[in-house]
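Biologist: I would like to learn how to read the features of a protein model. Could you take me through them one at a time?

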Amino acid sequence: MVTKKAKKSAARAAAPTDKATMVVTLYDGTREPIEDQDFLIRIFDGFQNQLFDDFKPAPTTVFSLPFHDNLQDNCIVVATGKGHVDAGFSPVKLSNRAVATVDLMLLDDKADFKFQTWAALKESDPVISSFISVGGTAADAEAHYDNLLETKPAALASLLNLATAMKAIQLPNNTPLDYFKEILWDESLAQDRFFGYADKSIVDQVRRAAMEGEFRPEPNPGLFHPDATSSFKQVQFGEANVQLTFHEKDIKTIGGIDCIKVEPDIDYFQDLGAHTLLEVIPNSITHGLTDPKKVYVLRWIAGRHAGVPEFAPPYTIST
């Protein structure tokens, strides 16, 4: 009599070992699957050989691809669609033992931020609404939120991106959000960063997290962050990691707690060379700033690939 276990073993033995399965699914800026449109899907292997180049209907396509059991299996996947911003991810590692899944987010060219009201935010995400309220009254928080929504929506999106990302970072004790005592609601709050004062013990917490491999200290922090004394970048993802920069000479006592100025931001790239060549230098030439829409897309895609809880700021991007 042939047992189920034997059948499974035989099936595995009979399955081709030179093929791997990849599943690509496309999403929009509301974090929902795209429907009723064809997209150009391009797949390249680790040696830059083109494995696929054709239109497929969204949202999901299953691909059977060559498997080599070496660096050639580290693929690049790119999706392009009319009226949408291209999206891609690499490396997507193929395996003949497990399905490689790729979730990509493609924003509509005309998409813009869709924010919740302050009342809705307090109900849907009390952690972030409490963070925005630090150092002031509930009325102050609502006024700051509404002012950014009306006058600096990109800065509000950046603040919400950073708050959402930081509340998911577990330091040895608590998250970075728990240490903030005040947000600076001035011109320094921009679409690529904000400044605030936090309990000075956050520095030790991040240093300990770096010793455990969760962060990497940045050399010469003052090069990109004037007056900074230290800076640490999260290394969880290949793209869109949080960077916490400390200005430890700028101190303030808030509610009896000794605080230092902290500058959170999110870079497109983890690698310092790529960050400098592809982000800092172009921004300095064009006087541009990191785009919170791009951060939203990159962080969402990176999180989906890593299999962590979905990056879901309390806003969406749609037409």
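Biologist: Which residue in β14 is the bridge partner of Ile254?

Modeller: Strands here are DSSP runs of E of at least two residues, helices are runs of H or I of at least four, and both are numbered from the N terminus; two strands pair if DSSP finds at least two bridges between them. In this case the bridge partner of Ile254 is Ile257 in β14, and the hairpin of β13 and β14 has 2 residues between the strands, with Gly255 taking a positive phi near 60°. The two strands run antiparallel and are joined by 12 bridges. Please keep in mind that this is a predicted model, in which local features need pLDDT of at least 70 and side-chain atom pairs count only at pLDDT 80 or more, while totals for chains, interfaces and linings use all residues. Residues are numbered from 1 along each chain as its sequence is written, and side-chain values use heavy atoms, with hydrogens and water left out.

Biologist: In what order do the strands of the open sheet lie?

Modeller: The order of the 6 strands is β9-β10-β14-β13-β12-β11, and the pairing is antiparallel. Its edge strands, each pairing on one side only, are β9 (180-183) and β11 (215-217), and the twist from one strand to the next averages 30°; such angles run from 0 to 180 degrees between N-to-C directions, with axes that are lines fitted to C-alpha atoms, for helices over the stretch in contact. Towards one end of the order, β10 and β14 are joined by 4 bridges, and Gly196 stands opposite Val262 in β14. β11 pairs with strand β12 (residues 230-234) over 3 bridges in the antiparallel sense, where Arg216 has Lys233 as its bridge partner.

Biologist: Which helices lie across β13?

Modeller: Helix α6 (residues 201-211) lies across β10, β11, β12, β13 and β14, and runs at about 150° to β13. Helix α8 (residues 292-306) lies across β12, β13 and β14, running at about 115° to β13.

Biologist: Is Phe246 buried or exposed?

Modeller: A residue is called buried under 20% relative accessible area, exposed over 50% and partly exposed in between, using a 1.4 Å probe and protein chains only. Phe246, in strand β13 (residues 239-254), counts as buried because its relative accessibility is 0%. Contact means heavy atoms within 4.5 Å, and, leaving aside residues up to four places away in sequence, those that Phe246 touches include Ile202, Val206, Phe232 and Val262. Another is Ala228, which is 18 residues apart from Phe246 along the chain although their C-alpha atoms are separated by 5.7 Å. As for the neighbouring strand, 11 of the 13 residues of β14 are buried.

Biologist: Which residues of helix α4 are buried?

Modeller: Ala141, Tyr145 and Leu148 are the buried residues of α4 (residues 138-151). They lie on the same side of the helix, because they cover an arc of only 65° around the axis, an arc taken from the directions from the helix axis to the C-beta atoms. Ala139 and Glu150, on the other side of α4, are exposed. The cover over the buried residues includes β8 (112-115), α2 (118-124), α3 (126-132) and α5 (153-167).

Biologist: How is a pair of aromatic rings described?

Modeller: One gives the distance of the centres and the angle of the planes. Rings of Phe, Tyr and Trp (its six-membered ring) pair if their centres lie within 6.5 Å, and planes under 30 degrees apart count as stacked, over 60 as edge-to-face and the rest as tilted. The structure holds 12 aromatic pairs. The pair of Phe131 and Phe194 is edge-to-face, because the ring centres are 5.9 Å apart and the planes stand at 65°. Phe131 lies in helix α3 and Phe194 in the loop between β9 and β10, so the pair ties together parts that are 63 residues apart in sequence.

Biologist: How does the pair of Tyr296 and Tyr315 count?

Modeller: That pair is tilted, at 5.2 Å centre to centre with 35° between the planes. Tyr296 lies in helix α8 and Tyr315 in strand β15 (residues 315-318), so the pair ties together parts that are 19 residues apart in sequence. Both tyrosines, Tyr296 and Tyr315, are buried, and ring pairs link them with Phe113, Phe115 and Phe311 into a cluster.
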